[in-house]
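User: I'm new to this and keep tripping over the vocabulary. Could you walk me through some labels and the reasons behind them?

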Amino acid sequence: MASTSSISIYTPFSRQLLSPPYCKIKRSPRKAKPRKLTPNPNPLLKSRSIPQLEATTYTRLPPKDDFIADPSQFSAPEITLSDLNSIRDVSARKPPVNGEKVEEIGGGDEELGFDYGKFELFEIGSDNEEDDEEFDDEVVLGFGDGELGDEFEGVDENGEEGEREKEKGVPAVMRCFDRAKIFVKAGDGGNGCVAIRREKFVPLGGPSGGDGGRGGHVYVEVDGSMNSLLPFRQSIHYRAGRGSHGKGSNMHGAKGDSVVVKVPPGTVVREAGKDGEEGELLFELLNPGQRALLLPGGRGGRGNAAFKSGTNRVPKIAENGEEGAEMWLELELKLVADVGIVGVPNAGKSTLLSVVSAAKPNIANYPFTTLLPNLGVVSFDYDASMVVADLPGLLEGAHRGFGLGHEFLRHTERCSVLVHIVDGSSQQPEYEYDAVRLELEMFSPELAEKPYIVAYNKMDLPDAYENWPSFKETLQSRGIEPFCMSAATGEGTREVIYAAYELVQKRKEAAKGEGFNSPLNLNHVADMVSKQRKSPINEFEISHDTSSNTWNVVGAGLQRFVQMTNWSYVDSDRRFQHVLEACGVFKSLTRLGVKEGDTVVIGEMEMVWHDYKNGGSSNIKRRAAAVRWPQ
Ligand SMILES: Nc1nc2c(ncn2[C@@H]2O[C@H](COP(=O)(O)OP(=O)(O)OP(=O)(O)O)[C@@H](O)[C@H]2O)c(=O)[nH]1
Ligand SMILES: [Mg+2]
């Protein structure tokens, strides 16, 4: 079978600063075979030398020490964003044979004038035909002696695309903590109690077993002081407390402790999807203090005092507490800010935020200083304010997850206005500007339609000062009026931020006309769970598996009833039979042709069918150790 490998190459912009460079060919999701690094036997892959190039944009974070303090030294022949594309384009080609594959890779490099003299080339995979079939997309080419996969924490054996996107060019420590997956479980109800009142001078005191307490609820609440989902890296499971069991003397159990999951403003809550797919959107929490009841706690089981009746005055029966619902949630943070500051790494975004607001973001002369978005409130003289977000740097390919990729772009979706900072001291500010605009457009056309302001930064540097007229002319010819400023000295920043404020106001005016959307009922998940719990016991479906003579009776009400039946009490069996009879399960099974010895499964319970000879009615009995635990 011909190999259909697609190649994606991760090439650092600055070959001097980043090592080791490597390229790799996508693996198919099928491979499960352990991979070996074997020297490439192909003589076409010769060693070549790497040119000493530098640039001001980066795909990956080099060690801090490798950075040169003087930004003027970051002048480089332009091997930046678009060059990367031409390398990536190789991935579109389909190399039919190994030899050609090598030529293509070499060809791509030559076009760029890259020379990999310092590095050895490895081919990972097998040469023979059989293995080619299995690893058909699996050839991984590596340069240098760095072990593939080591830096790419999460390169998964299944080759899942989502995981891959994450890992592109970003070590784990650098990821934004704005996505999290957590498990929540409402508390189970406490069990009811069987007790008989015995007291001096109170003969025949009667049943006095109390009910169990309700399980704790699960809430999701907005905490205004949070700005990332970082805490969810530490704790993933959130379980509400279970209710206490009922006691004698009609003492009801205490309620379980509720659990409140605190999230930052702007968190989107989804049910976790299966097979890597996005789950159903549950709600979005925008304002501090907003609270949603997500899962209600399970009901407490009734004690024997609740079962007292005219015919059974001392019932020996009590219920189990109802199990609390549980689910996996996906949390995604989208910042709620009026203005988002975007631009390539090191452009001066954090510096601008620090100048116009009281925020104190980290500022340093290396890319990806900002890994988590910073928020700042800009106050104006006339009692007006707006929230400005300084976002992590953007690289070409970000819309495909490159750099901090989606992690960053997602935050811009909620900003009503963007301030695009252009690093005036870069080699080609116009090019840098176009690349960032393109990324925004590729990520989402709606994002590209948002009003924006272009701010040409670092005017205090001679290079930037010289390039400003040509940059301005280029943008003016496209109908855009750029601003110039020096974030370091504060000059021109006021104009930029005022212009942004005006745009924000305009957007707000326009939004007023669009009408007010009534807020979503945040408790709708809990309502749904409660409704499901109330589903009638006589609504069920029966399916028959002829091979094993098993009858499956499925119904939410019935399953809940089975789960709450406490088999340790003598009257429970009788009540169980009676309820199944009354709700029509026996009748339906008989009509469908159930036979002596057939298995009947209701919820977690497996039972055996017995024809009741004497009275002509039917009966089922629990099997010994009949509880079927959920898969
Ligand atoms: N000379 C000069 N340097 C500036 C100016 N603005 C920012 N810088 C410097 O540029 C470097 C990067 O600034 P940051 O504000 O951290 O850049 P950033 O865009 O937030 O970078 P990331 O967070 O890495 O994306 C720092 O050393 C700043 O001191 C400016 O107007 N003039
Ligand atoms: Mg920054």
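User: What makes Arg270 and Glu332 count as buried or exposed?

Analyst: Buried means under 20% relative accessible area, exposed means over 50%, and partly exposed lies in between (1.4 Å probe, protein chains only). Arg270 is buried, and Glu332 is buried too. Keep in mind that this is a predicted model, where local features need pLDDT of at least 70, side-chain atom pairs count only at pLDDT 80 or more, and totals for chains, interfaces and linings use all residues. Side-chain values use heavy atoms, leaving out hydrogens and water, residues are numbered from 1 along each chain as its sequence is written, and chains are lettered from A and ligands numbered from 1 in the order in which they are written.

User: Why is the contact between Arg270 and Glu332 called a salt bridge?

Analyst: The label needs a side-chain nitrogen of Lys or Arg within 4 Å of a carboxyl oxygen of Asp or Glu. The closest N and O atoms of Arg270 and Glu332 are 2.8 Å apart, so the pair fits. This pair links distant parts of the chain: Arg270 sits in strand E10 (residues 267–271) and Glu332 in strand E13 (residues 326–333), 62 residues apart. Strands (E, at least two residues) and helices (H or I, at least four) are DSSP runs, numbered from the N terminus.

User: How do you know that Asp434 and Arg478 form a salt bridge?

Analyst: Their closest N and O atoms are 2.7 Å apart, so they pass the cut-off as well. Asp434 is in helix H8 (residues 429–443), while Arg478 is in the loop between helix H10 (462–477) and strand E19 (483–484), 44 residues apart.

User: And why are Asp434 and Arg478 called partly exposed?

Analyst: Asp434 has a relative accessible area of 31%, and Arg478 is at 42%. Both values fall between the buried and exposed limits, so partly exposed is the right label.

User: What about Arg197 and Glu199, what makes them a salt bridge?

Analyst: Here the closest N and O atoms are 3.0 Å apart, so the definition is met. Arg197 has a relative accessible area of 37% and Glu199 one of 44%, so each counts as partly exposed.

User: How many salt bridges does the structure hold?

Analyst: There are 14. Salt bridges with shared partners also join Arg299, Arg302, Glu319 and Arg575 into one network.

User: Last one: why are strands E7 and E12 called paired?

Analyst: Two strands pair if DSSP finds at least two bridges between them. E7 (residues 218–222) and E12 are joined by 4 bridges, so they qualify, and they run antiparallel.
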